[in-house]
Amino acid sequence: FTLERALRGALDQGQLDVHYQPLVRLAGEQIDGFEALMRWTHPTLGPVSPVEFIPIAEDTGLIVAAGAWLLEEAAARTREWRETAPVHVSVNLAVRQLREPGLAGRVGEILVRTGLPPEGLWLEVTESGFMDDPDACLRTLHELRDLGVTLCIDDFGTGFSSLSYLQRMPVSIVKIDRAFITGVGDGGPNEPIVRAVLAMSHALGHRVVAEGVETTTQRDWLRANDCDFAQGWLYGRPLPAAAQTPVSRFAD
Ligand code: G
Ligand code: G
Ligand code: MN
Ligand code: NA
């Protein structure tokens, strides 16, 4: 038995699922959209953590088919939600997917097939994709942006964050990694860093998402410091689509 072999069958055997986590506008505390997160439940192993299986899916290339499936599933679901409220869905793109020729064309086809308008789709990429082959990555990101979708830099602040990437990547949203959101509002050492990322991102014309917001203390500090969006257990855990509603409001 290997996890890799099990994962090869997971998509065909319907073992993959999508969970959705709310992303909230800090002014007004209204849902702006949801991040779509892949889940795998193996028939005997039970739920396998994405921290375990996503790297295997990337290394084996299985992420290409699984990611395309997730994108179509999330787009179709969000098109339905948009009959109630103008929410977006945010989908993670692995480096491996970014490198696949024709990605933007396939994303465009999915938008057409599902009827999701491009403003309903955010795509999250990390700096690691940019590092390996900046020119190819930039071309793909520009093609995606030309579709009218919103590009986000994910896990900002971790890995090899470089200010030149932030400036050169055609993104309009910066997602600050949850490691930096720990302790904000309590006078913790992350506060000056988060303030600086907010100032720099806003100066570049980008909007900012704080990830991993768990407390009202964090929320109040982020709002006072003009952070645009928040995501985290304070607002909701990733859950199946049936457990989410696109119109929830959160008390101030
Ligand atoms: O979903 P958390 O609940 O455990 O996710 C763990 C990690 O797996 C995160 O880094 C997240 O970005 C990644 N991940 C979850 N779903 C997807 C997906 O559909 N595609 C890619 N590339 N990464 C994902
Ligand atoms: O890497 P990415 O940011 O795409 O992955 C999001 C990861 O963060 C998922 O594993 C998700 O379950 C997790 N997550 C989301 N909100 C919170 C939170 O408030 N606290 C913690 N500890 N983890 C969170
Ligand atoms: Mn993400
Ligand atoms: Na993230």
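# Notebook: two ligand shells, a buried strand and some helix contacts

**Ligand 1.** I began with the shell around ligand 1, for which I listed L37, M38, P50, V51, I54, I63, G67, L70, N92, A94 and P238. Sorting these by element, I found that β2, α2 (50-60) and α3 (62-81) each give two or more residues to that shell. By class I noted nine nonpolar residues, two polar and no charged around ligand 1. I should record at this point that I am working from a predicted model, and I read every entry below with that in mind.

**Ligand 2.** I then turned to the second ligand, where I counted 13 residues in the surroundings, with N92, G212, E214, G232 and W233 coming nearest. The shell of ligand 2 divides into four nonpolar, four polar and five charged residues, whereas the shell of ligand 1 holds no charged residue. I noticed that N92 is listed around ligand 1 and is also among the residues that come nearest to ligand 2, and I therefore looked next at the strand that carries N92, which is β4, residues 88-92.

**Strand β4.** How many of the five residues of β4 are buried? I found that five of five are, so that by the cut-off of 20 or more other C-beta atoms within 10 Å the strand is mostly covered. Following the side chains, I saw H88, S90 and N92 pointing one way from β4 and V89 and V91 pointing the other way, with all of them buried. For the strand partners, I recorded that β2 (residues 30-42) pairs with β4 in the parallel sense over four bridges, and that E35 stands opposite S90. With β5 (residues 121-125), β4 again pairs in the parallel sense over four bridges, and there I found L123 as the bridge partner of V91.

**Helices α1, α2 and α3.** Since α2 and α3 both contribute to the shell around ligand 1, I looked up how these helices pack. I took α1 (residues 3-10) against α2 to begin with, and read an angle of about 80° with the axes 10 Å apart. Because angles from 65 to 115 degrees count as roughly perpendicular, α1 is roughly perpendicular to α2. The contact is made by L3, E4 and L7 of α1 together with E52, F53, I56, A57 and T60 of α2, and by class I entered five nonpolar residues, one polar and two charged.

For α2 and α3, I found axes that come within 5 Å and cross at roughly 115°. On the α2 side the contact uses A57, E58 and T60, and on the α3 side L62, I63 and A66; by class I noted four nonpolar, one polar and one charged. Comparing the lists, I saw that A57 and T60 of α2 appear in the contact with α1 and also in the contact with α3, while I63 of α3 is listed around ligand 1 as well.

**Q218.** I found Q218 in helix α11 (residues 216-224). Is Q218 buried or exposed? I count Q218 as buried, because 25 C-beta neighbours lie inside 10 Å. Setting aside neighbours within four places in sequence, I listed I181, V184, G185 and V213 as its contacts. I also noted that the C-alpha atoms of Q218 and A230, twelve residues apart along the chain, are separated by 9.7 Å.

**Positive phi.** I looked up two residues other than glycine with a positive phi. E29, with phi near 55°, is found in the loop between β1 (16-25) and β2, and counts as partly exposed because 16 C-beta neighbours lie inside 10 Å. D155, likewise with phi near 55°, lies in strand β6 (residues 150-156), and counts as buried because 20 C-beta neighbours lie inside 10 Å.

**Two pairs across the chain.** Where does A85 lie? I placed A85 in the loop between α3 and β4, and entered it as partly exposed because 14 other C-beta atoms are within 10 Å. A85 and V247 are 162 residues apart in sequence and 6.4 Å apart in space, C-alpha to C-alpha, and beyond its sequence neighbours within four places A85 is in contact with P246 and V247. I then took R8 of helix α1, which is partly exposed because it has 15 C-beta neighbours inside 10 Å, and noted that R8 and F160, 152 residues apart in sequence, are 31 Å apart in space between C-alpha atoms.

Notes:
Residues are numbered from 1 along each chain as its sequence is written. Chains are lettered from A and ligands numbered from 1 in the order in which they are written. This is a predicted model: local features need pLDDT of at least 70, side-chain atom pairs count only at pLDDT 80 or more; totals for chains, interfaces and linings use all residues. A residue is near a molecule or strand if its C-beta atom, placed from the backbone, lies within 6 Å of it. Ala, Val, Leu, Ile, Met, Phe, Trp, Tyr, Cys and Pro count as nonpolar, Asp, Glu, Lys and Arg as charged, and the others, Gly among them, as polar. A residue is buried if 20 or more other C-beta atoms lie within 10 Å of its own, exposed if 12 or fewer, and partly exposed in between; C-beta atoms are placed from the backbone. Two strands pair if DSSP finds at least two bridges between them. Axes are lines fitted to C-alpha atoms, for helices over the stretch in contact, and angles run from 0 to 180 degrees between N-to-C directions. Angles under 35 degrees count as roughly parallel, over 145 as roughly antiparallel, 65 to 115 as roughly perpendicular and the rest as oblique. Two residues are in contact if their C-beta atoms, placed from the backbone, lie within 7 Å.
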